[in-house]
Amino acid sequence: MSDSILSGVGGRGTIRFQVHELFPSFQFEGKHHGTRAFFVRFYGCNLKCPECDTPQDVFDFIPLDELSSRIRSEVEKEKFPLVVFTGGEPTLQPLPDLVRSLGTAFPALLAVETNGTRPEVLEKLRDLWITCSPKKEWTKESIELASEVKAVLGMTDPKAIEFAESLNTKYLWIQPMQRKDGTYNLLDTLRFIREHPRWRLSIQVHKLLGLK
Ligand code: SF4
């Protein structure tokens, strides 16, 4: 794990972000399924899951003021009801500074997708909609802070699934894992739901539709 990924901060006094891409699409996962959203995909993750399908190749450094005004301008122009900070792992970036810069009267819901390894940052983001998708090295505090939990069968540590289920307050989503050969463990996922009825099926519809 490089220090630059961990800090997400450039020179002294200049807060900047490692951004892989900014793009409009729909949120097709979790409670906000079907909602138009503006996505900010940050670069870099502190886990190296073998089945990871997130692009991790290139990024631009974008200063705080520029990123904040680009997000604000997209939301005002296109009336996005939702902004999703995703990755990679967004909590490796100085996200609390960005949220502060967007302000409390920001006209869209702010959401963050995290692997749940950095609860000390999530704590500062507790006013956002938090989707925790634990894999390994997850923390109980992160799952407790989450608005919803998305597990991927075969990738998520079964102990994280068990812990999330023990908290009666969570939206729980279970997603089939895409294997290296392109197939999904869908039957296992359906069997899991039959045995754990609180979990709902999450399908990556954007992939089926050819969207980002
Ligand atoms: S936590 Fe997510 S983004 Fe990070 S390596 Fe694992 S699957 Fe990829």
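Student: Which residue follows α2, and what is its phi?

Tutor: The model is a predicted one. Helix α2 covers residues 64–78. The residue after α2 has a positive phi. This residue is Lys79, with phi near 55 degrees.

Student: How many residues does α2 have, and what span does it reach from its first C-alpha to its last?

Tutor: At 1.5 Å a residue, a span of 21 Å is expected for this helix. The value found in α2, which has 15 residues, is close to that: 21 Å.

Student: Which residues of α2 are buried, and why are they on the same side?

Tutor: Around the axis of α2, the buried residues cover an arc of only 100 degrees, which puts them on the same side. On the other side, Asp65, Ser73, Glu76 and Lys77 are exposed. The buried residues are Leu67, Ser68 and Ile71.

Student: Which elements do the buried residues of α2 pack against?

Tutor: Four of the elements are strands, and one is a helix, α3 (95–102). The complete list is β1 (16–27), β2 (35–42), β3 (60–63), β4 (82–86) and α3.

Student: Which strands stand at the edges of the sheet?

Tutor: Nine strands form an open sheet with mixed pairing, in the order β3-β1-β2-β4-β5-β6-β7-β8-β9. An edge strand here has a single partner strand, so one side of it is left without a neighbour in the sheet. The edge strands are β3 and β9 (200–201).

Student: In which sense do β1 and β3 pair, and what angle does α2 make with β3?

Tutor: The pairing of β1 and β3 is antiparallel, over four bridges. Within it, Val19 stands opposite Asp60 in β3. Helix α2 packs on the sheet, and its direction makes an angle with that of β3 of about 85 degrees.

Methods
Residues are numbered from 1 along each chain as its sequence is written. This is a predicted model: local features need pLDDT of at least 70, side-chain atom pairs count only at pLDDT 80 or more; totals for chains, interfaces and linings use all residues. Helices (H or I, at least four residues) and strands (E, at least two) are DSSP runs, numbered from the N terminus. The expected span of a helix is 1.5 Å times one less than its number of residues. A residue is buried if 20 or more other C-beta atoms lie within 10 Å of its own, exposed if 12 or fewer, and partly exposed in between; C-beta atoms are placed from the backbone. The arc is that of the directions from the helix axis to the C-beta atoms. Two residues are in contact if their C-beta atoms, placed from the backbone, lie within 7 Å. Two strands pair if DSSP finds at least two bridges between them. Axes are lines fitted to C-alpha atoms, for helices over the stretch in contact, and angles run from 0 to 180 degrees between N-to-C directions.
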